[in-house]
Amino acid sequence: MSAMKGLQLRRSKALLIASVMGCLIASGQTMAADFDPHSGEVKALVDEVSASGVSREWLNDAMDRAEFSKEVLDAMTSAAEYNLVWHSYRDIFLGEERIREGVEFIAAHQDAFERAEQAYGVPPEVIAAILGVETRFGQIKGNHRVLDSLSTLAFHHPRRGKFFRGELATFLEISWNQQVEPDELVGSYAGAMGYPQFIPTSYMAYAVDFNDDGKRNLWTDPVDAIGSIGNYFAEHRWQAGVPIYFDAQGPANPPSGINFNQAKAPYISVSQLAQKGITTEADVAGDVKVVPLALELEDGSTQYRMGLFNFYVITRYNHSYLYAMAVTELAEAIAAAQLEFEAESGFINDVQREASP
């Protein structure tokens, strides 16, 4: 090989390496620019949050640490509430072990549950059922970094970016105010956090310091979580002492002309449902409006129920009739298990007293 050809070959290799390196660097810059706090929509968000008193330097550092997660985007399309029928969804949450854990959790935090019911009118079993469905009483709080989830959804979700930008802004403000590192907090793929899986705007609006330690800590404090769920329900007008639903009867197949299973305020009267063959034995006036529920059972039959306003309140926590019904049935199961446990405890105590000299 001549010296000239060798020089040309070395130059060609150098140009190829430079081209590849340039592409890699450009690619890296593009990825970094997804959450670059110094340009575009991310800078606009930093400007917005810093105007509320959060340090710009702190915000820049936080967004520099945010990482894109395709897993989060994929998870948004596979939520159980959108892909399962009632009997399959129910089976996820109504196992005996979860029910027993609910009884034990109430017993472990009895004072907090009693105070929450007194302050907000929400029974212990309902608050416990929310915690049981959301995080299995704090055991499963999620494994996604909240900063990554919200940043990914804020700037890459095809339809709900505006909503998640608001959640991200609120999350950064909460992290700053509570002096926690935003990249160390984990939660669901949708950015829900802590024992009750509050999204950041709910955290900001409804979280309470229920143990009076000067902090609203839903990440690790079950007492604050209990009070905060009670407050959430009360703020959404939970009706103390009123049922969540009535059992109903109806035809083998849901009749046409009725929009069943809607996660909205009661919208059809009991008398209108009766005209379609759906009735209840409950003592309720015909003009009372309800949410008509047609639940698909494992054998293919339909179970009818009439959701009242408190059923609607539960759907404010998660806009799914499946979710609200699972919470309701888990609450019923926990309450029944509590009564059984108390009866057994009373029997044992009676036997012990009789056996004592």
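# Salt bridges, a buried serine and helix α7

User: How many salt bridges does a search of the whole structure find?

Analyst: The model is predicted. A search of the whole structure gives a salt-bridge count of 17.

User: What is the mean pLDDT of the chain, and over which residues does pLDDT stay under 50?

Analyst: The chain has a mean pLDDT of 90, and 87% of its residues reach 70 or more. Where pLDDT is low, the predicted coordinates should not be read in detail. That caution concerns a segment with two contacts beyond four places in sequence, where pLDDT stays under 50: residues 1–33.

User: Which residue forms a salt bridge with Arg65, and how many residues apart are the two?

Analyst: The salt bridge of Arg65 is with Glu181, and the closest N and O atoms are 3.4 Å apart. Arg65 belongs to helix α3 (residues 56–65), while Glu181 sits in the loop between α10 (161–177) and β2 (186–187). The pair thus links distant parts of the chain, and the separation in sequence is 116 residues.

User: Are Arg65 and Glu181 buried, partly exposed or exposed?

Analyst: Arg65 has a relative accessibility of 24%. Glu181 has a relative accessible area of 35%. Partly exposed covers the range between under 20% and over 50%, so Arg65 and Glu181 are each partly exposed.

User: Which residue forms a salt bridge with Asp74, and is that partner buried or exposed?

Analyst: Asp74 pairs with Lys70, the closest N and O atoms being 3.0 Å apart. Both lie in helix α4 (residues 70–75), four residues apart, or about one turn of the helix. Asp74 is partly exposed at 39%. The partner, Lys70, has 52% relative accessibility and therefore counts as exposed.

User: Why are Arg100 and Glu104 separated by about one helical turn, and what is the N to O distance of their salt bridge?

Analyst: An α-helix has 3.6 residues a turn, so residues three or four places apart point the same way. Arg100 and Glu104 are separated by about one helical turn because they are four residues apart in helix α6 (residues 96–108). Arg100 is partly exposed at 41%, and Glu104 is partly exposed at 42%. Their side chains meet in a salt bridge with an N to O distance of 2.9 Å.

User: Which residues do salt bridges that share partners join into one network?

Analyst: The Arg65 and Glu181 pair described above belongs to this network. Joined by salt bridges that share partners, its members are Asp61, Arg65, Arg145, Asp148, Glu181 and Asp183.

User: Is Ser149 buried or exposed, and which residues is it in contact with beyond four places in sequence?

Analyst: Ser149 lies in helix α9 (residues 146–156). Its relative accessible area is 0%, so Ser149 is buried. Leaving aside neighbours within four places in sequence, the contacts of Ser149 are Val72, His144, Ser188, Tyr189 and Gly191.

User: Why do the buried residues of α7 line one face of the helix, and what covers them?

Analyst: In helix α7 (residues 110–120) the buried residues are Ala112, Phe113, Ala116 and Tyr120. Viewed down the axis of α7, these fall within an arc of 100°, so they line one face of the helix. The face turned away from the buried side carries the exposed residues Asp111 and Gln118. The cover over the buried residues includes α6, α8 (124–135) and α12 (222–235).

User: Which residue just after α7 takes a positive phi?

Analyst: Helix α7 spans residues 110–120. Just after it, a positive phi of about 80° is taken by Gly121.

How values were computed
Residues are numbered from 1 along each chain as its sequence is written. Side-chain values use heavy atoms; hydrogens and water are left out. Buried means under 20% relative accessible area, exposed over 50%, partly exposed in between (1.4 Å probe, protein chains only). Contact means heavy atoms within 4.5 Å. pLDDT is the predictor's confidence in each residue, from 0 to 100. A salt bridge is a side-chain nitrogen of Lys or Arg within 4 Å of a carboxyl oxygen of Asp or Glu. The arc is that of the directions from the helix axis to the C-beta atoms.
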